[in-house]
Amino acid sequence: MHGAKRFKNKTVVVTGAAQGIGRSIAIEAAAEGANVVLADRSETVNDTAAAIKKKRGKASVVLADLETWESAQSVMRSAVETYGRIDVLVNNVGGTIWAKPFEHYAPEEIEAEIRRSLFPTLWCCRAVLPQMQAQKSGAIVNISSIATRGIYRIPYSAAKGGINALTASLAFEQAANGIRINAVATGGTEAPPRIVPRNPKPLSAQEKAWYQSIVDQTVSSSLMKRYGTIEEQTAAILFLASDEASYITGSVLPVGGGDQG
């Protein structure tokens, strides 16, 4: 993707690294010279590590459920113990569990969506700050979504709106410490079927129809009238993580074919 070694000797923590965009970010960062710390709650994250090591990259794995503060702390602690510092944190954990009109969400489902798509980023930002402050440097890239203006996943939309606010406010607060914080609002992205489904129950005909409505809305809201690729998302995320973006902080970059989210 990028010929330069933008992350040579840098430690890059990637959450949700077992599959999809997270896996792609980790593999590409390693190819560009990073020591990568792969955090995920699924054992399949070891497959990402194996893919990196096969190409002589450096990777370590931390199994962690990042919906909890303790797990977020354990990831950062492990990264520092293994590599001595944390230069980049990519907060990639999240994703809508259910797709339906808001009035059909049960209260416990709403709470589960917020725990899945807001708390991992909140916890990891909080957990990494002491190390980055001690270094007087660091870059955080939070994964948001154009779903902040989208149908049938309102709790997820609210969580991603929270990530946008967190990004802007934390960047304001931490600029004096040499820490840059940005977000990428990903658009619809073509991805292989998930190894671990977010919602393990088979979808009813109605649920499939609601999900198709999200797909149709996402494509129609995009000026390019298509989904993006994992590579297109990875390129934007790693740009913001790299020193090429040294004068960019507090920004939310929509990568959605013209859909601003």
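**Strands, crossovers and helix faces**

T15 has A39 in β2 as its bridge partner. That pair is a handy way into this predicted model, and the neighbouring strand offers another: V13 stands opposite V37, again in β2. Five bridges in total tie β1 (residues 11-15) to β2 (residues 35-40), and the two strands run parallel. On to β3, β2 makes six bridges, once more in parallel, with V36 partnered by A59 of β3.

Zooming out, these strands belong to an open sheet of seven, ordered β3-β2-β1-β4-β5-β6-β9 and paired in parallel. The edges are taken by β3 (58-63) and β9 (252-255), each of which pairs on one side only. Going from one strand to the next, the twist averages 20°.

Strand β2 is well wrapped up, with six of its six residues buried. Cover comes on both faces: N35, V37 and A39 are buried on one side, and V36, L38 and D40 on the other.

The links on either side of β2 follow a common pattern. β1, α1 and β2 form a right-handed β-α-β unit, and β2, α2 and β3 form a right-handed unit of that kind too. Within α2 (residues 45-54), the buried residues include V45, T48, A49 and I52. These cover an arc of only 100° around the axis, so they sit on the same side of α2. Among the elements covering them are α1 (20-31), β2 and β3. Just past the end of α2, R56 adopts a positive phi of about 65°.

Other helices pack on the sheet as well. Helix α5 (residues 119-135) lies across β1, β4 (88-91), β5 (138-145) and β6 (179-186), and it runs at about 175° to β4. Helix α8 (residues 230-241) also packs on the sheet, where it touches β4, β5, β6 and β9. The direction of α8 makes about 165° with that of β6.

Last up is α7 (residues 205-221). At 1.5 Å a residue, its 17 residues should span 24 Å, and the end C-alpha atoms are indeed 24 Å apart, which agrees. Its buried residues are W210, I214, V215, Q217 and T218. Viewed down the axis of α7, they fall within an arc of 165° and therefore line one face of the helix. A205 and K208, on the other side of α7, are exposed.

Definitions and conventions: Residues numbered from 1 in each chain as written. Predicted model: local features only at pLDDT ≥ 70, side-chain atom pairs only at ≥ 80, totals over all residues. Heavy atoms only, no water. Pairing = 2+ DSSP bridges. Helix = DSSP H or I, 4+ residues; strand = E, 2+ residues; numbered from the N terminus. Axes fitted to C-alpha atoms, helices over the stretch in contact; angles between N-to-C directions. Contact = heavy atoms within 4.5 Å. Expected span 1.5 Å × (residues − 1). Buried < 20%, exposed > 50% of the residue type's maximum accessible area, 1.4 Å probe, protein only. Arc of directions from axis to C-beta. Right-handed = clockwise from strand over helix to strand, strands pointing away.
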